[in-house]
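Reader: I've never read a protein model before. Could you show me how to look at helix packing and pockets?

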Amino acid sequence: MIVPVRSLCRKVMASALALTMALPVAAPLPVAAQSRGPMIIRDQEIENLMRDYMNPIIGAAGLKKGSVQIILVQDRSFNAFVTDSRRMFINTGALMDAKTPNEVIGVVAHETGHIAGGHLQRLRDQMSTAQILAVAGMLLGAGAAIGTARSPQVGSSGVGAMGIGLGAQDMAMRSLLSYQRGEEQAADRAAINYLNATQQSPRGLLETFTRFNQEAMFKTTGMDPYLVSHPFPNERIANLEVTAKKSPYWDKKDPPALQARHDLMRAKLFGFTARADEVARRYPLSDNSAPARYARAIAAYRNKQLANALSNIDSLTREQPNNPYFWELRGQVLLEFGRAQEAVTALRRAVSLAPNSGLIKGMLGHALISTGNPKDVDAAITELSNATQREPDSSENWRFLATAYSRKGQEGQAHLAAAQAYFNDGDYSAAATQANRAKQLLPPNSPGWLKAEDILNYRPPRSAQRNN
Ligand SMILES: [Zn+2]
């Protein structure tokens, strides 16, 4: 399941402003600024893989494991960047371009070099708060919900198509984010050190950057954003090559299991975001590999070919019965084609294999309230309560939880969950209306009542109200 997230965009924008807030919000984007553009997406399989790429590098850089979160931006161009010491953004296009884990890990190592080298402070010093907010808005403009491929019969509550396009201000933003030459070389050196320390090859890094250097020589327009923010003069590539080739790990390959996960991740991204003809070209029927069947299953699902999608997925679950993401996909497909009861079975399997995923639990909760069976409501509340604890920024899960509580007749809790959903979406007046109703229905000073009061007392930051 690839999910676009609007509330997370706001959270990141808020953090770009360095606001310390009890709850993750900034103001909703004004209507005038809305257009189609790149957006943040969530996906458990890809996020877990990114964490596994990143954690050794973070450790080698002397940073705390888990202290930097990778955020996926759905955009076909190559880009990777950091806006603060806690978040690294990677375009899905960069992952789709990378043939090996090593190529992604090299870029991650370079970006980590910028974090560890404190190169972001200069950026901060040079930009006003308003500029940072504008840049964050442009980078994170929530846009087209391509990845979800939700079919209309189930509806997609909470998933909006709203955002800020990368337009004329784009170049200004890129130049603001661009690093100085010395910083690039320092990040390159740091990257090689981290790769050596983790016994990984610097080859992927060198090959990726060489590709950019060549692209820069022949292209003047339509360049990948990465090229603009990270200058690639010949001298830099030459230096990098000398150091990289000295590595004792130059010829070392990625572990086969990691490569296999990488191939599935790319197949998933192509399946969910590329056009059907491109999927057919990259993963032709003659290719019977697991990634090819995965990509074709997803493409078939997007084209509403249920039987085709299911037959591919079933061949995958037979082969790898312990892969939670194949079961997750089966659940997603069945749920969206109105077969909620079967979706529940598949998603229970996925949850048992990936018990820490709030995203998958949320989908199981959605399936449980979609069966229409009153007996499933208690289980839905359990799953969705857990999902909202793990993923408090997901408005969608709060909405499903509100529905589940309402079916159970627990109206106070239902209004409170609805208030949380509106709050995450930045709709404070609707959140306040729901929180008021919740307060009237819940016992005074109970945890829910206090939460409702927190929402009522919240005042959005002025800077976030005015900007954009
Ligand atoms: Zn750089």
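Author: We'll go through some helix pairs and then a pocket. Keep in mind that this model is predicted.

Reader: Okay, how do I describe two packed helices?

Author: Two packed helices are described by the angle between their axes and the distance between those axes. Let's try it on H8, residues 181-197, and H11, residues 234-245: the angle is about 15° and the axes are 10 Å apart.

Reader: Are H8 and H11 roughly parallel or antiparallel?

Author: Angles under 35 degrees count as roughly parallel, so H8 and H11 are roughly parallel to each other. Their crossing is right-handed.

Reader: Which residues of H8 and H11 meet?

Author: On the H8 side you'll find Arg181, Glu184, Gln185, Asp188 and Ile192, and they meet Glu235, Arg236, Asn239, Leu240, Thr243 and Ala244 of H11. Sorted by class, this contact has five charged, three polar and three nonpolar residues.

Reader: Can we try another pair?

Author: Sure, go to H18 (residues 358-370) and H19 (residues 377-390). Their axes come within 8 Å and cross at roughly 150°. That makes H18 roughly antiparallel to H19, and the crossing is left-handed.

Reader: What classes of residue make up the contact of H18 with H19?

Author: Seven are nonpolar, five polar and three charged. Among those in H18 are Gly358, Leu364 and Leu368, while H19 brings residues including Ala379, Leu384 and Arg390.

Reader: And what is the angle between H18 and H20?

Author: H18 and H20, residues 395-408, pack at about 35°, with axes 10 Å apart. This crossing is left-handed. Here Gly358, Gly362, His366 and Ile369 of H18 meet Asn397, Phe400, Thr403, Ala404 and Arg407 of H20. The contact has five polar, three nonpolar and one charged residues.

Reader: Now the pocket. What should I look for?

Author: Try its volume, then its lining. The largest pocket here has a volume of about 410 Å³. Its lining has 20 residues, and Arg42, Glu47, Arg51, Gln69 and Ile70 lie nearest the centre.

Reader: Which elements give two or more residues to that lining?

Author: They are helix H1 (6-16), strand S2 (39-42), helix H2 (44-60) and strand S3 (69-74). H2 gives the most, with five residues.

Reader: How many of the lining residues are charged?

Author: Eight are charged, alongside nine nonpolar and three polar ones.

Definitions and conventions:
Residues numbered from 1 in each chain as written. Predicted model: local features only at pLDDT ≥ 70, side-chain atom pairs only at ≥ 80, totals over all residues. Heavy atoms only, no water. Axes fitted to C-alpha atoms, helices over the stretch in contact; angles between N-to-C directions. Helix = DSSP H or I, 4+ residues; strand = E, 2+ residues; numbered from the N terminus. Parallel < 35°, antiparallel > 145°, perpendicular 65-115°, else oblique. Left-handed = near helix turned anticlockwise from the far one by under 90°. Contact = heavy atoms within 4.5 Å. Nonpolar A, V, L, I, M, F, W, Y, C, P; charged D, E, K, R; others polar. 1 Å grid on protein atoms, 1.4 Å probe; cavity = no way out; pocket = protein on both sides within 12 Å on 5 of 7 lines; lining within 4 Å. Points joined across faces, edges and corners; volume = space filled by probe spheres on them.
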